[in-house]
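Thanks for sharing this one. Here are my notes as numbered points, to be read with the model open beside them.

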Amino acid sequence: MATHALDACRSTLQLEPLASFPNLRVLAWDRETLYASSGYRLFSAHAVNAPIAWHIVGSFSPAAWRHLTCQFRLSSRLARDGLHALAIDRAGHLIAAVPGAIITLRNGDSDFRVSHRILRGTRPLHITATPEGLAFWGEYFDNRDRDEVHIYASADAGLTWDVAYTFAKHSIRHIHNLVYDPWERCLWIFTGDYGRECRVLRASTDFRSVDAVIAGNQQARAVAAVVTEAGLFFASDTPLERNFIYKMDRRGRIDKLHALPSSSIYACQNRDGIFFSTMVEPSHVNRTREVALFGSSDGLQWNAFASWHKDRYPMKFFQYGNAFLPDGKNTTALLAVTTIATENSDLQTTIWRTAWQ
């Protein structure tokens, strides 16, 4: 296994390695079921069973040239191939993002169908679904001219999409993430990238209420977030300043919890803890060549559990070194991580069991 434990003795929360799977990317949990993709095929595993066995759920047929590029690691990285986000609605229908489209797999079908063509940018970073049967995603594109930016919503399991909310011109660059909060029945919206464009907003699911809670600085530039009963945990994603993990409690108090060596754009939670990963995004502040995994059992004491070294291929073409963490609700003691652009672990999924010692 191409990882090494870091300072495990400092925490009672331990990671026990279970298995690793090449050419597999984790996407989302649905309680005890883990979904992952290989190219344009989607697999699932009832992850409480041992050994972990993957079963094909469905597949998507991309443009002909992508059938070729997705077969090889470097060409897949260059073309940004595959499934990049996944949400599971209350009826078990699946909504995913692929380059240039939002696709939907109805319960019982085997082939994803395009439900929306993306005209600006390549794809959203995340898709979120609510227990009420709604699904949302926000536009993520370069937006140099600072055009208006849309949030799309679906009330029919991703079959059709309508603009639910629009950020006015010159207000934001793009949308990083939308996260559903089941305790307040609201959405947390994260936008970027500079000055007042960096916002953490609280919105009702009908968008009649949209309020900026944090705004105006690089520490409000965030993607990775986990919602708990205690509040919102998020991490900054900036190449301009040092990055940190934060907690905003239900009264709106914000605490700086732990410094990070680089930007973070992925987070998840399992039965025992909360986890954030960092990526290799070089800048005058972010100098590390290590992808790292941080976790906490109580949200107060944070430790680095594993790290991976960036591989030799240029980041401009073959992506930053990163560790993908799955979206969704995970009720198990398992932690699934997919590393990319890392030495000896490129496009590899590692699964651990969290345990106490």
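The points below cover the strand β3, the enclosed cavities and the cysteines.

1. A word on the source: this is a predicted model, so please read each point with that in mind.

2. I would begin with strand β3, which spans residues 25-31. This strand is mostly covered, as 5 of its 7 residues are buried.

3. Which strands does β3 pair with? One is β4, residues 33-38, which runs antiparallel to β3 and is joined to it by 5 bridges. The link between β3 and β4 is a hairpin through 1 residue. To find the register on screen, look for Val26, which stands opposite Ala36 in β4.

4. Another partner of β3 is β28, residues 327-330, and here the pairing is parallel, over 4 bridges. A handy marker for this pairing is Asp30, which faces Lys329 in β28.

5. How many cavities of 30 Å³ or more does the whole structure hold? The search finds 2. The largest has about 70 Å³ of space, and the second largest has a volume of about 30 Å³.

6. Strand β3 comes back at the largest cavity, where it gives the most to the lining, with 3 residues. Arg25, Val26 and Leu27 are among the lining residues, as are His84, Ala85, Leu125, His126 and Tyr266. The lining also includes the run Phe324, Leu325, Pro326 and Asp327. Val26 is thus worth a second look: this residue lines the largest cavity and stands opposite Ala36 in β4. Sorted by class, the lining has 8 nonpolar, 2 polar and 2 charged residues.

7. What lines the second largest cavity? Its walls are formed by Pro124, Leu125, His126, Gly138, Ile175, His176, Asn177 and Leu178. Strand β15, residues 174-181, gives the most here, with 4 residues. By class, this lining has 4 nonpolar and 4 polar residues, and no charged ones. Leu125 and His126 deserve a click, since they appear in the lining of the largest cavity and also in that of the second largest.

8. Last, the cysteines. How many disulfides does the structure hold? The count is 0. As for Cys70, is this residue buried or exposed? Cys70 has a relative accessible area of 17%, and because buried means under 20%, it counts as buried. Cys268, at 8% relative accessibility, is also buried by that cut-off.

Technical notes:
Residues numbered from 1 in each chain as written. Predicted model: local features only at pLDDT ≥ 70, side-chain atom pairs only at ≥ 80, totals over all residues. Heavy atoms only, no water. Disulfide = S-S within 2.5 Å. Buried < 20%, exposed > 50% of the residue type's maximum accessible area, 1.4 Å probe, protein only. Helix = DSSP H or I, 4+ residues; strand = E, 2+ residues; numbered from the N terminus. Pairing = 2+ DSSP bridges. 1 Å grid on protein atoms, 1.4 Å probe; cavity = no way out; pocket = protein on both sides within 12 Å on 5 of 7 lines; lining within 4 Å. Points joined across faces, edges and corners; volume = space filled by probe spheres on them. Nonpolar A, V, L, I, M, F, W, Y, C, P; charged D, E, K, R; others polar.
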